[in-house]
Amino acid sequence: MQRTLILLAAFATAGQAGTAGLPPDVAAFVARRERCDHFHTEESDDPARAAAIMRGQEANCRGTDTELARLKQRHATDPGIRTLLDRYDPGVE
């Protein structure tokens with residue numbers, strides 16, 4: 001548990017680089033979800049950029065709600081991982 005909390009603190013301070021010590025499924029989810037969240041916060045009046053934003057949302061957000069629920073269940077006994085996963089909105093799609 002202490003190792004997970006240290007990894008969680010490293011993630012919080014180092015961004016995606018901090019995913020190195022996380023379980024592979026969690027690290028992959030975090031990287032993808034960070035990209036998803038980025039595209040959700042971006043807006044553009046430029047039609048070409050708006051289309052690129054929509055493609056980014058489609059590519060990175062589809063399936064993340066289900067994946068988040070699965071990871072929370074799979075890692076339910078690890079409080080550090082649960083704390084990390086709890087920071088993500090379960091209804092982003």
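**Questions on a five-helix model**

Biologist: Why is Gly63 called partly exposed?

Modeller: The relative accessible area of Gly63 is 28%, and the label covers values between the limits for buried (under 20%) and exposed (over 50%), computed with a 1.4 Å probe and protein chains only; Gly63 is therefore partly exposed. This is a predicted model, in which local features need pLDDT of at least 70 and side-chain atom pairs count only at pLDDT 80 or more, while totals for chains, interfaces and linings use all residues. Residues are numbered from 1 along each chain as its sequence is written, and side-chain values use heavy atoms, with hydrogens and water left out.

Biologist: Where does Gly63 lie, and what does it touch?

Modeller: Gly63 sits in the loop between helix H3 (47-61) and H4, where helices (H or I, at least four residues) and strands (E, at least two) are DSSP runs numbered from the N terminus. Leaving out residues up to four places away in sequence, Gly63 touches Arg32 and Glu93, a contact being heavy atoms within 4.5 Å. Between the C-alpha atoms of Gly63 and Glu93, which are 30 residues apart along the chain, the separation is 7.6 Å.

Biologist: How do you know that the length of helix H2 agrees with its number of residues?

Modeller: The expected span is 1.5 Å times one less than the number of residues, so the 18 residues of H2 (residues 24-41) should span 26 Å, and the end C-alpha atoms are indeed 26 Å apart. Among the buried residues of H2 are Asp25, Val26 and Phe29.

Biologist: What makes the pair of Phe29 and Tyr88 edge-to-face?

Modeller: The structure holds one aromatic pair. Rings of Phe, Tyr and Trp (its six-membered ring) pair if their centres lie within 6.5 Å, and planes under 30 degrees apart count as stacked, over 60 as edge-to-face and the rest as tilted. The ring centres of Phe29 and Tyr88 are 5.5 Å apart and the planes stand at 85°, so this pair is edge-to-face. The pair links distant parts of the chain, with Phe29 in helix H2 and Tyr88 in the segment after H5, 59 residues apart; Phe29 and Tyr88 are both buried.

Biologist: Why does His75 count as buried, and which side chain does it join through a polar contact?

Modeller: His75, in the loop between H4 and H5, has a relative accessibility of 12%, and so falls in the buried class. Its side chain is joined to that of Asp25 by a polar contact of 3.1 Å, the term being reserved for N or O atoms within 3.5 Å, where within protein one must be able to donate a hydrogen and the other to accept it, and residues adjacent in sequence count only if both atoms are side-chain atoms.

Biologist: What makes the buried residues of H5 line one face?

Modeller: In H5 (residues 79-86), Gly80, Ile81, Leu84 and Leu85 are buried. Seen down the helix axis, these buried residues fall within an arc of 130°, so they line one face, the arc being that of the directions from the axis to the C-beta atoms. At the N-terminal end, Asp78 caps H5, with a side-chain oxygen 3.1 Å from the backbone nitrogen of Gly80.

Biologist: Why is Lys72 called buried or exposed?

Modeller: Lys72 has a relative accessible area of 17%, so it is buried. Lys72 lies in helix H4 (residues 64-74) and, not counting residues up to four places away in sequence, touches Arg82, Leu85 and Asp86.
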